[in-house]
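Visitor: I should like to take a close look at the packing of the interior, with attention to the aromatic side chains. Please guide me through that part of the structure.

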Amino acid sequence: MSNYPQEPLEHCIPTSVEVLIEALEQAFQNRLSPQQQAEFRIFCQRLQWYYRANQTSELETVRSIYLPYAPESLQHQLDSAPGQPEPAGKLDDALSGILRKANFIELSEHDLNQALTKTSPHGVEVSIDIDQYETLMIWYRGLDTSSHSQRTLRSLYIKKTQITVPIYRKLFLLVQKPQPDSVGTAGKALAPVHIKLFRDIPLSDLEMLFPDTRVKIRLFDKLKLSVTGGGGTVAGAATGLGKLSAAVDPVAIVMAIGGFAAIVWRQVSKIFSQRTKYLMNLSRRLYFYNLDNNLGAITHLADMARGEELKEALLAYSFLLFHQLEDAETPVDRKALDERIEKFLSRELGLQVDFDVDDGLNKLLHLTLVEDNTDKGLAACPLHEANFLLSEAWQALLP
(Lines give C-alpha, C1' and ligand atoms only; values in the text may rest on other atoms or scores of the structure.)
Protein backbone atom coordinates (compact mmCIF):
# COMPACT_ATOMS: atom_id res chain seq x y z
CA MET A 1 0.00 0.00 0.00
CA SER A 2 2.96 2.26 0.49
CA ASN A 3 3.45 2.46 -3.28
CA TYR A 4 0.11 4.21 -3.64
CA PRO A 5 -1.03 7.61 -2.36
CA GLN A 6 -3.19 7.53 0.75
CA GLU A 7 -6.75 8.33 -0.26
CA PRO A 8 -8.87 10.68 1.88
CA LEU A 9 -12.12 9.53 3.45
CA GLU A 10 -14.92 9.08 0.93
CA HIS A 11 -18.53 10.23 0.95
CA CYS A 12 -19.85 6.69 0.44
CA ILE A 13 -21.73 5.20 3.43
CA PRO A 14 -20.88 1.47 3.21
CA THR A 15 -23.90 0.00 4.97
CA SER A 16 -27.44 -0.90 3.98
CA VAL A 17 -30.44 1.38 4.45
CA GLU A 18 -32.06 -1.19 6.76
CA VAL A 19 -29.02 -1.33 9.06
CA LEU A 20 -28.83 2.47 9.16
CA ILE A 21 -32.53 2.86 10.08
CA GLU A 22 -32.19 0.26 12.83
CA ALA A 23 -29.12 2.04 14.25
CA LEU A 24 -30.98 5.38 14.27
CA GLU A 25 -34.01 3.88 16.03
CA GLN A 26 -31.85 2.23 18.68
CA ALA A 27 -29.73 5.34 19.27
CA PHE A 28 -32.71 7.64 19.81
CA GLN A 29 -35.49 5.35 21.02
CA ASN A 30 -35.29 6.69 24.58
CA ARG A 31 -35.67 10.28 23.33
CA LEU A 32 -38.76 9.67 21.17
CA SER A 33 -42.28 9.08 22.42
CA PRO A 34 -44.13 5.97 21.13
CA GLN A 35 -46.06 8.20 18.71
CA GLN A 36 -42.86 9.83 17.44
CA GLN A 37 -41.26 6.42 16.97
CA ALA A 38 -44.22 5.31 14.84
CA GLU A 39 -44.09 8.55 12.82
CA PHE A 40 -40.34 8.14 12.32
CA ARG A 41 -40.84 4.64 10.90
CA ILE A 42 -43.47 6.03 8.52
CA PHE A 43 -41.03 8.79 7.52
CA CYS A 44 -38.31 6.25 6.70
CA GLN A 45 -40.77 4.20 4.65
CA ARG A 46 -42.10 7.15 2.65
CA LEU A 47 -38.62 8.48 2.04
CA GLN A 48 -37.73 5.11 0.51
CA TRP A 49 -40.89 5.19 -1.63
CA TYR A 50 -40.00 8.63 -2.93
CA TYR A 51 -36.43 7.76 -3.94
CA ARG A 52 -37.52 4.46 -5.48
CA ALA A 53 -40.05 6.28 -7.68
CA ASN A 54 -37.55 9.03 -8.48
CA GLN A 55 -34.90 6.45 -9.39
CA THR A 56 -37.28 4.63 -11.72
CA SER A 57 -37.93 7.79 -13.72
CA GLU A 58 -34.24 8.65 -13.98
CA LEU A 59 -33.29 5.07 -14.83
CA GLU A 60 -35.70 4.93 -17.77
CA THR A 61 -34.22 8.14 -19.14
CA VAL A 62 -30.64 6.85 -19.01
CA ARG A 63 -31.61 3.45 -20.41
CA SER A 64 -33.34 5.07 -23.39
CA ILE A 65 -30.19 7.10 -24.14
CA TYR A 66 -27.95 4.04 -23.87
CA LEU A 67 -30.13 1.53 -25.72
CA PRO A 68 -28.96 2.41 -29.28
CA TYR A 69 -25.36 1.88 -28.12
CA ALA A 70 -25.95 -1.35 -26.15
CA PRO A 71 -24.05 -4.33 -27.65
CA GLU A 72 -27.01 -6.62 -26.94
CA SER A 73 -29.32 -4.31 -28.88
CA LEU A 74 -29.68 -4.58 -32.67
CA GLN A 75 -30.25 -0.84 -32.99
CA HIS A 76 -26.56 -0.16 -33.68
CA GLN A 77 -26.64 -2.70 -36.52
CA LEU A 78 -30.10 -2.43 -38.09
CA ASP A 79 -32.17 0.51 -39.24
CA SER A 80 -35.15 -0.81 -37.29
CA ALA A 81 -35.80 2.10 -34.92
CA PRO A 82 -37.16 5.48 -36.05
CA GLY A 83 -35.60 8.77 -35.11
CA GLN A 84 -32.02 9.67 -34.32
CA PRO A 85 -30.24 8.39 -31.16
CA GLU A 86 -28.94 10.76 -28.55
CA PRO A 87 -25.27 11.71 -29.00
CA ALA A 88 -22.71 9.72 -27.03
CA GLY A 89 -21.76 12.85 -25.09
CA LYS A 90 -25.23 12.97 -23.58
CA LEU A 91 -24.79 9.37 -22.44
CA ASP A 92 -21.52 10.29 -20.72
CA ASP A 93 -23.22 13.14 -18.88
CA ALA A 94 -26.17 10.98 -17.80
CA LEU A 95 -23.93 8.21 -16.49
CA SER A 96 -21.64 10.69 -14.74
CA GLY A 97 -24.66 12.08 -12.92
CA ILE A 98 -25.66 8.64 -11.61
CA LEU A 99 -22.07 7.83 -10.66
CA ARG A 100 -21.75 11.04 -8.62
CA LYS A 101 -25.02 10.32 -6.83
CA ALA A 102 -23.71 6.84 -6.03
CA ASN A 103 -20.58 8.52 -4.57
CA PHE A 104 -18.20 7.14 -7.18
CA ILE A 105 -14.94 8.99 -7.90
CA GLU A 106 -13.52 9.40 -11.39
CA LEU A 107 -10.11 7.80 -11.78
CA SER A 108 -7.60 10.45 -12.79
CA GLU A 109 -5.22 9.96 -15.70
CA HIS A 110 -2.28 9.91 -13.28
CA ASP A 111 -3.82 7.16 -11.13
CA LEU A 112 -4.76 5.19 -14.25
CA ASN A 113 -1.22 5.30 -15.63
CA GLN A 114 0.15 4.35 -12.22
CA ALA A 115 -2.19 1.36 -11.93
CA LEU A 116 -1.39 0.16 -15.46
CA THR A 117 2.33 -0.04 -14.65
CA LYS A 118 1.85 -2.33 -11.64
CA THR A 119 2.52 -6.06 -11.85
CA SER A 120 -0.33 -8.36 -10.89
CA PRO A 121 0.24 -10.36 -7.68
CA HIS A 122 -1.66 -13.28 -9.24
CA GLY A 123 0.97 -14.29 -11.79
CA VAL A 124 -0.75 -12.66 -14.77
CA GLU A 125 0.67 -9.85 -16.88
CA VAL A 126 -1.39 -8.27 -19.62
CA SER A 127 -0.84 -5.27 -21.87
CA ILE A 128 -3.46 -2.89 -23.24
CA ASP A 129 -3.42 0.05 -25.61
CA ILE A 130 -5.87 2.54 -24.11
CA ASP A 131 -5.41 4.92 -27.05
CA GLN A 132 -7.51 2.59 -29.20
CA TYR A 133 -10.69 3.65 -27.37
CA GLU A 134 -12.66 6.66 -28.48
CA THR A 135 -14.47 6.90 -25.13
CA LEU A 136 -13.08 5.68 -21.82
CA MET A 137 -14.66 6.20 -18.40
CA ILE A 138 -13.29 4.65 -15.19
CA TRP A 139 -14.89 5.46 -11.83
CA TYR A 140 -14.36 3.75 -8.49
CA ARG A 141 -15.89 3.71 -5.03
CA GLY A 142 -14.11 2.54 -1.93
CA LEU A 143 -10.32 2.19 -1.90
CA ASP A 144 -9.37 -0.60 0.49
CA THR A 145 -6.81 -3.39 0.95
CA SER A 146 -7.04 -7.15 0.61
CA SER A 147 -4.69 -9.86 1.87
CA HIS A 148 -3.92 -13.32 0.53
CA SER A 149 -1.20 -15.96 0.86
CA GLN A 150 1.27 -16.49 -1.96
CA ARG A 151 4.67 -18.09 -2.54
CA THR A 152 7.25 -15.46 -3.42
CA LEU A 153 10.90 -15.31 -4.47
CA ARG A 154 11.76 -13.78 -1.11
CA SER A 155 10.79 -17.05 0.63
CA LEU A 156 12.42 -19.07 -2.20
CA TYR A 157 8.93 -20.39 -3.02
CA ILE A 158 9.17 -22.72 0.00
CA LYS A 159 6.46 -21.22 2.17
CA LYS A 160 3.57 -18.85 1.61
CA THR A 161 3.73 -15.26 2.80
CA GLN A 162 0.93 -12.79 3.46
CA ILE A 163 0.62 -10.16 0.74
CA THR A 164 -1.50 -7.01 1.06
CA VAL A 165 -2.67 -5.27 -2.10
CA PRO A 166 -4.83 -2.15 -2.59
CA ILE A 167 -8.22 -2.79 -4.21
CA TYR A 168 -11.19 -0.87 -5.57
CA ARG A 169 -14.34 -2.07 -3.77
CA LYS A 170 -16.50 -1.04 -6.74
CA LEU A 171 -15.26 -0.12 -10.19
CA PHE A 172 -17.16 1.17 -13.23
CA LEU A 173 -15.69 0.84 -16.72
CA LEU A 174 -17.05 2.22 -20.02
CA VAL A 175 -15.23 1.71 -23.31
CA GLN A 176 -16.16 2.59 -26.88
CA LYS A 177 -13.99 2.03 -29.93
CA PRO A 178 -14.10 4.36 -32.96
CA GLN A 179 -17.28 4.19 -35.01
CA PRO A 180 -17.37 1.44 -37.63
CA ASP A 181 -18.08 1.95 -41.30
CA SER A 182 -21.57 0.45 -40.96
CA VAL A 183 -24.41 2.95 -40.86
CA GLY A 184 -27.05 2.82 -38.16
CA THR A 185 -30.21 4.68 -37.32
CA ALA A 186 -30.94 7.84 -39.33
CA GLY A 187 -27.70 7.48 -41.30
CA LYS A 188 -25.51 7.89 -38.20
CA ALA A 189 -22.69 5.42 -37.66
CA LEU A 190 -22.98 3.88 -34.22
CA ALA A 191 -20.28 2.10 -32.26
CA PRO A 192 -21.34 -0.13 -29.35
CA VAL A 193 -20.60 1.13 -25.85
CA HIS A 194 -19.52 -1.55 -23.39
CA ILE A 195 -20.27 -0.95 -19.70
CA LYS A 196 -18.85 -3.14 -16.93
CA LEU A 197 -19.27 -3.07 -13.17
CA PHE A 198 -16.77 -4.94 -10.98
CA ARG A 199 -16.03 -5.47 -7.29
CA ASP A 200 -12.83 -5.93 -5.27
CA ILE A 201 -10.46 -5.18 -8.14
CA PRO A 202 -6.75 -4.99 -7.25
CA LEU A 203 -5.18 -1.83 -8.64
CA SER A 204 -2.52 -3.92 -10.34
CA ASP A 205 -5.19 -5.96 -12.19
CA LEU A 206 -6.81 -2.99 -13.90
CA GLU A 207 -5.61 -4.04 -17.38
CA MET A 208 -7.44 -7.35 -17.02
CA LEU A 209 -10.80 -5.57 -17.21
CA PHE A 210 -10.33 -4.15 -20.70
CA PRO A 211 -11.36 -5.97 -23.88
CA ASP A 212 -8.58 -6.88 -26.33
CA THR A 213 -5.99 -7.46 -23.61
CA ARG A 214 -2.85 -9.33 -24.57
CA VAL A 215 -1.48 -11.87 -22.09
CA LYS A 216 2.27 -11.63 -21.55
CA ILE A 217 4.67 -14.10 -19.95
CA ARG A 218 6.53 -12.62 -17.01
CA LEU A 219 10.29 -12.11 -17.27
CA PHE A 220 10.84 -14.64 -14.48
CA ASP A 221 8.85 -17.28 -16.37
CA LYS A 222 10.73 -16.49 -19.59
CA LEU A 223 14.02 -17.05 -17.80
CA LYS A 224 12.74 -20.26 -16.24
CA LEU A 225 11.57 -21.57 -19.61
CA SER A 226 14.84 -20.52 -21.23
CA VAL A 227 16.93 -22.37 -18.64
CA THR A 228 14.86 -25.55 -18.50
CA GLY A 229 13.74 -25.57 -22.13
CA GLY A 230 17.04 -24.40 -23.54
CA GLY A 231 19.00 -26.88 -21.48
CA GLY A 232 16.69 -29.73 -22.46
CA THR A 233 16.81 -28.77 -26.14
CA VAL A 234 20.61 -28.52 -26.19
CA ALA A 235 20.97 -31.87 -24.44
CA GLY A 236 18.45 -33.43 -26.81
CA ALA A 237 20.18 -31.93 -29.83
CA ALA A 238 23.55 -33.26 -28.70
CA THR A 239 22.13 -36.73 -28.15
CA GLY A 240 20.31 -36.67 -31.51
CA LEU A 241 23.38 -35.53 -33.40
CA GLY A 242 25.42 -38.22 -31.72
CA LYS A 243 22.95 -40.86 -32.83
CA LEU A 244 22.82 -39.45 -36.37
CA SER A 245 26.57 -39.51 -36.71
CA ALA A 246 26.74 -43.13 -35.53
CA ALA A 247 23.65 -44.33 -37.41
CA VAL A 248 23.92 -46.08 -40.76
CA ASP A 249 20.47 -47.67 -40.77
CA PRO A 250 17.81 -45.35 -42.40
CA VAL A 251 15.28 -46.40 -39.74
CA ALA A 252 17.65 -45.37 -36.98
CA ILE A 253 18.18 -41.99 -38.68
CA VAL A 254 14.43 -41.38 -38.91
CA MET A 255 14.00 -42.34 -35.25
CA ALA A 256 16.79 -40.00 -34.21
CA ILE A 257 15.26 -37.08 -36.14
CA GLY A 258 11.81 -37.88 -34.69
CA GLY A 259 13.21 -37.96 -31.16
CA PHE A 260 14.89 -34.58 -31.66
CA ALA A 261 11.64 -33.09 -33.03
CA ALA A 262 9.74 -34.46 -30.02
CA ILE A 263 12.17 -32.77 -27.66
CA VAL A 264 11.78 -29.41 -29.43
CA TRP A 265 7.99 -29.73 -29.46
CA ARG A 266 7.93 -30.54 -25.74
CA GLN A 267 9.81 -27.34 -24.94
CA VAL A 268 7.58 -25.26 -27.23
CA SER A 269 4.45 -26.80 -25.70
CA LYS A 270 5.64 -25.64 -22.27
CA ILE A 271 5.38 -22.04 -23.49
CA PHE A 272 1.85 -22.61 -24.82
CA SER A 273 0.78 -24.37 -21.61
CA GLN A 274 2.13 -21.44 -19.57
CA ARG A 275 0.08 -19.02 -21.69
CA THR A 276 -3.01 -21.22 -21.26
CA LYS A 277 -2.45 -21.19 -17.52
CA TYR A 278 -2.40 -17.39 -17.59
CA LEU A 279 -5.62 -17.24 -19.60
CA MET A 280 -7.35 -19.62 -17.18
CA ASN A 281 -6.22 -17.50 -14.24
CA LEU A 282 -7.49 -14.38 -16.01
CA SER A 283 -10.91 -15.90 -16.76
CA ARG A 284 -11.30 -17.29 -13.26
CA ARG A 285 -10.60 -13.99 -11.56
CA LEU A 286 -12.86 -12.00 -13.89
CA TYR A 287 -15.66 -14.49 -13.22
CA PHE A 288 -15.65 -13.59 -9.52
CA TYR A 289 -14.95 -9.87 -10.06
CA ASN A 290 -17.83 -9.12 -12.43
CA LEU A 291 -21.02 -7.61 -10.95
CA ASP A 292 -23.02 -6.62 -14.03
CA ASN A 293 -22.80 -5.56 -17.66
CA ASN A 294 -24.32 -2.92 -19.97
CA LEU A 295 -28.05 -2.35 -19.28
CA GLY A 296 -27.83 -4.44 -16.12
CA ALA A 297 -24.88 -2.36 -14.90
CA ILE A 298 -26.89 0.85 -15.36
CA THR A 299 -29.73 -0.60 -13.28
CA HIS A 300 -27.23 -1.68 -10.64
CA LEU A 301 -25.73 1.82 -10.55
CA ALA A 302 -29.15 3.43 -10.24
CA ASP A 303 -29.90 1.24 -7.21
CA MET A 304 -26.60 2.24 -5.63
CA ALA A 305 -27.30 5.93 -6.30
CA ARG A 306 -30.76 5.63 -4.77
CA GLY A 307 -29.30 4.02 -1.65
CA GLU A 308 -26.67 6.72 -1.19
CA GLU A 309 -29.10 9.59 -1.70
CA LEU A 310 -31.59 8.00 0.68
CA LYS A 311 -28.99 7.48 3.43
CA GLU A 312 -27.67 11.05 3.11
CA ALA A 313 -31.14 12.59 3.32
CA LEU A 314 -32.17 10.28 6.16
CA LEU A 315 -29.14 11.10 8.28
CA ALA A 316 -29.35 14.85 7.73
CA TYR A 317 -33.06 15.02 8.59
CA SER A 318 -32.84 12.64 11.57
CA PHE A 319 -30.04 14.49 13.32
CA LEU A 320 -31.67 17.87 12.73
CA LEU A 321 -34.93 16.53 14.13
CA PHE A 322 -33.32 14.86 17.14
CA HIS A 323 -31.38 18.03 17.94
CA GLN A 324 -34.57 20.10 17.89
CA LEU A 325 -36.36 17.64 20.17
CA GLU A 326 -33.51 17.84 22.68
CA ASP A 327 -32.60 21.53 22.46
CA ALA A 328 -34.95 23.57 20.32
CA GLU A 329 -33.47 26.90 21.48
CA THR A 330 -29.92 26.28 20.28
CA PRO A 331 -29.49 26.47 16.49
CA VAL A 332 -27.21 24.03 14.70
CA ASP A 333 -25.10 24.88 11.68
CA ARG A 334 -23.87 22.66 8.85
CA LYS A 335 -20.44 22.04 10.38
CA ALA A 336 -21.86 20.90 13.72
CA LEU A 337 -24.41 18.70 11.97
CA ASP A 338 -21.69 17.14 9.82
CA GLU A 339 -19.54 16.35 12.88
CA ARG A 340 -22.42 14.75 14.78
CA ILE A 341 -23.34 12.48 11.89
CA GLU A 342 -19.74 11.38 11.33
CA LYS A 343 -19.30 10.61 15.05
CA PHE A 344 -22.54 8.60 15.03
CA LEU A 345 -21.41 6.53 12.02
CA SER A 346 -18.03 5.90 13.64
CA ARG A 347 -19.40 5.09 17.10
CA GLU A 348 -22.49 3.04 16.21
CA LEU A 349 -21.46 1.38 12.93
CA GLY A 350 -17.65 1.60 12.91
CA LEU A 351 -17.63 3.54 9.63
CA GLN A 352 -15.04 6.21 8.85
CA VAL A 353 -16.87 8.47 6.40
CA ASP A 354 -16.54 12.02 5.14
CA PHE A 355 -20.27 12.77 5.24
CA ASP A 356 -21.38 15.22 2.55
CA VAL A 357 -23.67 17.37 4.68
CA ASP A 358 -24.33 19.87 1.89
CA ASP A 359 -25.54 17.13 -0.44
CA GLY A 360 -27.83 15.70 2.23
CA LEU A 361 -29.31 19.09 3.13
CA ASN A 362 -29.83 20.09 -0.49
CA LYS A 363 -32.05 17.05 -0.97
CA LEU A 364 -34.11 18.01 2.08
CA LEU A 365 -34.34 21.64 1.00
CA HIS A 366 -35.59 20.49 -2.41
CA LEU A 367 -38.36 18.50 -0.67
CA THR A 368 -39.04 21.44 1.73
CA LEU A 369 -38.39 19.13 4.68
CA VAL A 370 -35.79 21.56 6.04
CA GLU A 371 -35.55 25.33 6.25
CA ASP A 372 -32.28 27.21 6.23
CA ASN A 373 -32.74 30.63 7.83
CA THR A 374 -29.86 33.05 8.20
CA ASP A 375 -30.92 34.04 11.73
CA LYS A 376 -32.32 30.77 13.11
CA GLY A 377 -30.07 28.34 11.27
CA LEU A 378 -31.25 24.96 10.06
CA ALA A 379 -34.65 23.63 11.08
CA ALA A 380 -36.40 20.36 10.22
CA CYS A 381 -40.18 20.33 9.89
CA PRO A 382 -42.11 18.10 12.36
CA LEU A 383 -42.50 14.42 11.56
CA HIS A 384 -46.22 14.52 10.77
CA GLU A 385 -45.69 17.41 8.35
CA ALA A 386 -42.67 15.71 6.78
CA ASN A 387 -44.73 12.56 6.18
CA PHE A 388 -47.44 14.59 4.46
CA LEU A 389 -44.90 16.39 2.23
CA LEU A 390 -43.25 13.11 1.26
CA SER A 391 -46.60 11.62 0.35
CA GLU A 392 -47.33 14.55 -1.96
CA ALA A 393 -43.85 14.42 -3.53
CA TRP A 394 -44.20 10.68 -4.13
CA GLN A 395 -47.61 11.06 -5.80
CA ALA A 396 -46.26 13.85 -8.01
CA LEU A 397 -43.76 11.39 -9.50
CA LEU A 398 -46.44 8.88 -10.48
CA PRO A 399 -47.85 8.97 -14.03
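Visitor: Are Y133 and F210 buried or exposed? Please set the answer in the context of the surrounding interior.

Guide: The model is a predicted one. Y133 is buried, and F210 is buried as well. Turning to the ring pairs in general, the count comes to 11 aromatic pairs. In one of them, the rings of F40 and F322 have centres 5.7 Å apart and planes at 50°, so this pair is tilted. F40 belongs to helix α2 (residues 34-66) and F322 to helix α7, so the pair ties together parts that are 282 residues apart in sequence. F40 is buried, at 2% relative accessibility, and F322 is buried at 4%. The rings of Y133 and F210, by contrast, are stacked, because their planes lie at 25°, under the 30 degrees cut-off, with the centres 5.9 Å apart. Y133 sits in the loop between β2 (125-127) and β3 (135-151), and F210 in the loop between β5 (193-202) and β6 (214-216), so this pair joins parts 77 residues apart in sequence.

F40 and F322 are also members of one aromatic cluster, together with F28, F43, Y317, F319 and F344. Two members of that cluster, F43 and Y317, recur in the largest nonpolar core. Of the 46 residues in this core, F43, Y317, L24, L315 and L369 touch the most other members. Elements giving two or more residues to the core are α1 (17-28), α2, α7, α8 (334-349), α9 (357-366), β9 (377-380) and α10 (383-397). Helix α7 supplies the largest share, 10 residues.

L369 illustrates these contacts: leaving aside residues up to four places away in sequence, L369 touches F43, Y317, L364, A379, A380, C381, A386, L389 and L390. Another core lies apart from the largest one; it has 27 residues, including L59, L95, W139 and L301. In soluble globular proteins, nonpolar side chains tend to be buried together.

Helix α7 itself merits a closer description. Its 33 residues (294-326) should span 48 Å at 1.5 Å a residue, and its end C-alpha atoms are 48 Å apart, which agrees. Of these 33 residues, 26 are buried, so α7 is largely enclosed by the rest of the structure.

Finally, there are the cysteines. C381, one of the contacts of L369, is buried with a relative accessible area of 9%. C44 is buried too, at 3% relative accessibility. A search of the whole structure finds 0 disulfides.

Methods: Residues are numbered from 1 along each chain as its sequence is written. This is a predicted model: local features need pLDDT of at least 70, side-chain atom pairs count only at pLDDT 80 or more; totals for chains, interfaces and linings use all residues. Side-chain values use heavy atoms; hydrogens and water are left out. A disulfide is a pair of cysteine sulfur atoms within 2.5 Å. Buried means under 20% relative accessible area, exposed over 50%, partly exposed in between (1.4 Å probe, protein chains only). Helices (H or I, at least four residues) and strands (E, at least two) are DSSP runs, numbered from the N terminus. The expected span of a helix is 1.5 Å times one less than its number of residues. Rings of Phe, Tyr and Trp (its six-membered ring) pair if their centres lie within 6.5 Å; planes under 30 degrees apart count as stacked, over 60 as edge-to-face and the rest as tilted. A nonpolar core is a set of buried Ala, Val, Leu, Ile, Met, Phe, Trp, Tyr and Cys residues joined through side-chain atoms within 4.5 Å. Contact means heavy atoms within 4.5 Å.
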